[in-house]
Amino acid sequence: MPEKRDESFGNQLIVANEVLPDIIPIIPLMQRPIFPGMMIPIVLSGPDMINIANRIVESDNKIGGVVLIENPHDGAIESRDLYRVGVTVKVLKVTPIDDNTFQLMINALNRFTLVHVIREKPIIEWEVEHYDEGNIEYTDQMKAYSMAIISSVKDLIKSNSLFHEELKLFLNRFTLENPSKLADFVASMTTADSHEIQEILETFDIRKRVEKVILLLNKEIELSKLQAKISKQIEQKISKQQKEFFLKEQLKEIKKQLGLEKDEKSAEIERIEERITKLKLTEEAAKKVDEELNKLRLLEPNSAEYGVARNYLDWVTSLPWGIFSKDNYDIEKAAKILNSDHYGLDDIKDRILEFISTGKMKGSITGSIICFVGPPGVGKTSIGKSVAEALNRKFFRFSLGGMRDEAEIKGHRRTYIGAMPGKIIQSLKSVDVANPVIMLDEIDKIGASFQGDPASALLEVLDPEQNTQFLDHYIDLRFDLSNILFIATANQLDTIPRPLLDRMEVMKLSGYVLNEKLQIARRFLIPKQLKEHGLKKGMVKIEMKALRKIIDGYSREAGVRSLENNIRKIMRKATRKFAEQEKSALTVTAENLKDFLGNPRFADDSLYDKKIPGVVLGLAWTSLGGTTLYIESTAVPSKKGFRQTGQLGDVMKESSEIAYTYVSSRIRDYGIADDYFQNHYIHLHVPAGATPKDGPSAGITMATSLYSLAKNKPVKKNIAMTGELTITGKVLPIGGVKEKTIAAKRAKLKRIIFPFENKKDFEELPDYIRSGLDVHFVNYFDEVLELVF
């Protein structure tokens, strides 16, 4: 219940012979206690408070009590939530404010103490013991206390003028002979906490009460002095700032009159005009800029439209209209740069050099969009940087991964608050040339939402026939993007929309074989990590055998990112040893590698140390590169049935059913018992069960597994296969030949079976990948059986 502090002290209206009742209704106070002698309005709201007010007003003497709440909470207030000492009050006037709120004008009479709680509901009623101060003996000591209070009050008036009139009125009305009222009044006007003021109320001894009030006053005076000090400091600071502001304005006006300085608006317009002289604006852009400049001259700098127009002109004149960097067509220099930054990837380097050669013959590199596709860590982003360096062009990269708003590409319209151009225009402002290399990273992870489809917006950007007239929503001027070399990166092509994929020239980075990873680690990764960890050349040596073990046992992947992380881990442990006063150089060998990296994460790809009927090793492609894949089959004597497990996708399930049907249809040709499939329940499983798998390339592997099971003949060791099988036994071509070949070499396999139509793909592979492999190409499934049995 809020109480108004519009209080005044006066003589009690109760007559001397009036007897106060021992049982009185209690009004809980929320904020501050009330002292005897105060006449103050209080506001009561809510049904419970209205009941208490009505009870007091309807009584003969109109007497009640007010007590401060000690433990406030949201529920109903009970006696245990109140202090034990309060003040008896008499209601003088009741003024209704609305249906649920009343204002009571009360006169505080004297203190009381709780004796016994009579009841809690519907109103709180207490039996109380009244305290009558009576006549106070006025001694010299009491006079001294009174004078001390008045002196402190006068000091408070000097330091805080908020209570100036109220205190002056009191000092005129009360004399030194009334220390009790003096102490109560001074306590009520301080800004002390409610529990401190309640403590004054509960102090019945006059002398002790006056001592506590003097302490409160001293705290109030110190607080007022601190407040005055802070106010003075702020005032001085503001005065200084105002003085500096006026002087600066005067200086600015003087300089303006002398022609030494222009105002902000003139300087802004002059800066924009200076920029325009260095640009080769199109006719459309020049006209638009002229219109916006004229508008800017008419607008006041304080208007909102001025800021919009200035920002627009700032963006338009910051773009590299007609500014180009000179391309490098030196093939030898470009080849040297590519080789210095990357080892291997010869097919990619050759295609890039061919691309540069075409630009040399044509005189310019325009209308080009390249898409690097490959597993993580194979160098897609870094080779994009090398292409920019080889061409002597500036490089800008931004990621499309998770982008869901079409405005990120084509910008926001200027009518929106906080509007900005799209990423393409922002990148051009950043590089300051109109022919940079812009890398669109993670184009396969682009999203879509109700705000639009960024992939659709990219269709205009990446179409050489359209991007000469690219229109950003914010700039609203056509800008020629045809001189930009766009390089996109992706881990897989399946999630890229077909219309977008058609606009790009796809270059596949399949991954690295063991020898390539060894050279990359030796030439690039180890020197890089030595430098990053503050180590000099020769301080940490990693032997070739140790490197081979790291690649094979700790970082089995298509790229080299995990390999670099393991080398980084070795360097961290080495730096700690050197920090702990290690003197000699550290050498990492195959024997002590475990001390640096712990136990190997990967074991041999071979799950079986002996030949088992029904178990065949296949090759598979994943977004992380190629991998080996076992197919297992077993038979349970029962009625006819076929089941597949291993989290197989729909296409892979269909492949298994084709294999089952094909082998079942040729049992007599293959010498399998006529009733074998009729009397056995066949279970085909593809480890590992927690990894989802899909695709048609395991068809011949599944059929071989079923044949091996039915004939009870295991296949030869160290042989792997891949190929799609039709229901007539024809072997169809598959994808990912390079990735699967690399996976076979990593698993130390010597013989591979590919579909015959993939022979041309295999022959395109570099010699170092093909070397050491005995590869067979088959047209029909019967040829597979001749090779594996």
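**Notebook: contacts and backbone of a predicted model**

I began with N718, which is partly exposed, with a relative accessible area of 45%. I placed N718 in the loop between α22 (699-711) and β21 (719-721). I then read its backbone: N718 is not a glycine, yet its phi is positive, at about 55°. I note here that the model is a predicted one.

**Entry: other backbone points**

I looked up D432 next and found phi near 65°, again a positive value in a residue other than glycine. D432 belongs to the loop between α14 (423-431) and β10. I recorded D432 as partly exposed because its relative accessible area is 43%, between the limits of 20% and 50%.

I also checked the peptide bond from K121 to P122, which is cis, with omega near -5°. P122 sits in the loop between β6 (101-119) and β7 (125-131). I kept these entries because most residues other than glycine have a negative phi, and most peptide bonds are trans.

**Entry: aromatic pairs**

I counted aromatic pairs and obtained 14. I examined Y312 and Y474, whose rings form a tilted pair with 6.1 Å between the centres and 55° between the planes. I traced this pair to distant parts of the chain: Y312 is in helix α9 (residues 304-318), while Y474 is in the loop between β11 (470-471) and β12 (478-479), 162 residues apart. I found both Y312 and Y474 to be buried.

I turned to Y676 and F677, an edge-to-face pair with centres 5.3 Å apart and 90° between the planes. Are Y676 and F677 buried or exposed? Y676 has a relative accessible area of 13% and is therefore buried. F677 is buried as well, with a relative accessible area of 5%. I then saw that Y676 and F677 join F642 and Y660 in one aromatic cluster.

**Entry: charges over rings**

I searched for charged ends placed over rings. The charged end of K429 sits over the ring of W315, 4.1 Å from the ring centre. For K730, I found the charged end over the ring of Y780, 5.0 Å from its centre.

I followed K429 further and found this lysine in a network of salt bridges with E268, R271, R275 and D314.

**Entry: salt bridges**

My count of salt bridges came to 30. Which parts of the chain does the bridge between R351 and E505 tie together? R351 lies in helix α11 (residues 346-362) and E505 in strand β14 (residues 505-508), so the pair connects parts that are 154 residues apart in sequence. I read the N to O distance between the side chains of R351 and E505 as 3.3 Å. R351 is partly exposed, at 31% relative accessibility, and E505 is also partly exposed, at 36%.

I compared this with R498 and D502, whose side chains meet in a salt bridge at 3.5 Å, N to O. R498 and D502 are separated by about one helical turn, because they are four residues apart in helix α16 (residues 498-502). I recorded both R498 and D502 as exposed.

I noted a further bridge between the side chains of R576 and E580, at 3.0 Å, N to O. R576 is exposed, with a relative accessible area of 59%.

**Entry: nonpolar cores and a surface patch**

I listed the nonpolar cores and found that the largest has 58 residues. Which residues have the most contacts inside this core? They are I34, W126 and I149. I found another core lying apart from it, with 54 residues, including I337, L338, L391 and F596.

I then looked at the surface, where L226, I230, I234 and I238 form a nonpolar patch with about 340 Å² of accessible area together. I took I234 as one of its members and located it in helix α6 (residues 206-258). I234 has a relative accessible area of 46% and is therefore partly exposed.

**Entry: a distance across the model**

I closed with I443, which lies in the loop between β10 (437-441) and α15 (454-461). Its relative accessible area is 0%, so I443 is buried. I looked up its distance to T190: the C-alpha atoms of I443 and T190 are 69 Å apart in space, and the two residues are 253 residues apart in sequence.

Definitions and conventions. Residues numbered from 1 in each chain as written. Predicted model: local features only at pLDDT ≥ 70, side-chain atom pairs only at ≥ 80, totals over all residues. Heavy atoms only, no water. Phe/Tyr/Trp six-rings, centres within 6.5 Å; stacked < 30°, edge-to-face > 60°. Helix = DSSP H or I, 4+ residues; strand = E, 2+ residues; numbered from the N terminus. Buried < 20%, exposed > 50% of the residue type's maximum accessible area, 1.4 Å probe, protein only. Lys NZ or Arg CZ within 6 Å of the ring centre and 35° of its normal. Patch = residues over 30% accessible without salt bridge, like charges linked within 9 Å, V, L, I, M, F, W, Y side chains within 5 Å. Areas by Shrake-Rupley, 256 points an atom, 1.4 Å probe, with all protein chains shown as cover. Salt bridge = Lys/Arg side-chain N within 4 Å of Asp/Glu carboxyl O. Core = buried A, V, L, I, M, F, W, Y, C linked by side-chain atoms within 4.5 Å.
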